[in-house]
Amino acid sequence: MITREQISALPAGRQLDALVTETVLGTRLDRKDGVPMMWTVAGVIPMFSTNMSDAWRVIEHMHVNGFILDIFISHVFVVTVKERKTSKKIASFRSSVDESPHAVCIASLLALLFPLDEANTETTRQTAHAR
């Protein structure tokens, strides 16, 4: 089982895209030697973690399933996931602005796999751009 820390440390790329496809979108990927295949019956899986147009599909899917992704852009990019009905904060992730699709993916995964409780705090990925 993957941990909160492992998810927060995942770099943008195809491994993260596969995890988002399976965990957030609920699409099962075939595996070869334990490695997820990067396509489904519908075609190649989108580049959710590196392309903002593809990341919007994650945002829309989360919204349809009862979540709101609040996005704050300043010198950093902060994504906070809340329950749509109660506005309760479920997860938050901060990264540099140029990693915004990555932040959407990580925050969505954290919200679904490790929702915040009173003891947890915001997860921050420290990058050269966000320091």
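**Exercise 1.** Which residue follows α3, and what is the sign of its phi?

*Solution.* The model is predicted, with local features requiring pLDDT of at least 70 and side-chain atom pairs counting only at pLDDT 80 or more, while totals for chains, interfaces and linings use all residues. Residues are numbered from 1 along each chain as its sequence is written, and side-chain values use heavy atoms, leaving out hydrogens and water. Helices (DSSP runs of H or I, at least four residues) and strands (E, at least two) are numbered from the N terminus. After α3 comes Gly66, whose phi is positive, near 95°. At the N-terminal end, the cap of α3 is Asn51, with a side-chain oxygen 2.8 Å from the backbone nitrogen of Ser53.

**Exercise 2.** Check the span of helix α3 (residues 52–64), and then determine which of its residues are buried and where they lie around the axis.

*Solution.* The expected span is 1.5 Å times one less than the number of residues. For the 13 residues of α3 this gives 18 Å, which agrees with the 18 Å between its end C-alpha atoms. Taking buried as under 20% relative accessible area, exposed as over 50% and partly exposed as in between (1.4 Å probe, protein chains only), the buried residues in α3 are Asp54, Ala55, Val58, Ile59 and Met62. They cover an arc of only 160°, which places them on the same side of α3, the arc being that of the directions from the helix axis to the C-beta atoms. The face turned away from this buried side carries the exposed residues Ser53 and Val64. Using contact as heavy atoms within 4.5 Å, the buried residues of α3 pack against α2 (14–23), β5 (67–73), β6 (77–83) and α4 (100–113).

**Exercise 3.** Locate the salt bridges and describe the burial of each partner.

*Solution.* With a salt bridge defined as a side-chain nitrogen of Lys or Arg within 4 Å of a carboxyl oxygen of Asp or Glu, the structure holds two. One joins Arg14 to Asp17, whose closest N and O atoms are 2.9 Å apart; both residues lie in helix α2, three residues apart, about one turn of the helix. Arg14 is partly exposed at 28% relative accessible area, whereas Asp17 is buried at 1%. In the other, the side chains of Asp70 and Lys82 meet at 3.0 Å, N to O. Asp70 belongs to strand β5 and Lys82 to strand β6, so this pair ties together parts that are twelve residues apart in sequence. Asp70, at 32%, is partly exposed, and Lys82, at 24%, is also partly exposed.

Notes
A polar contact is a pair of N or O atoms within 3.5 Å; within protein, one must be able to donate a hydrogen and the other to accept it, and residues adjacent in sequence count only if both atoms are side-chain atoms.
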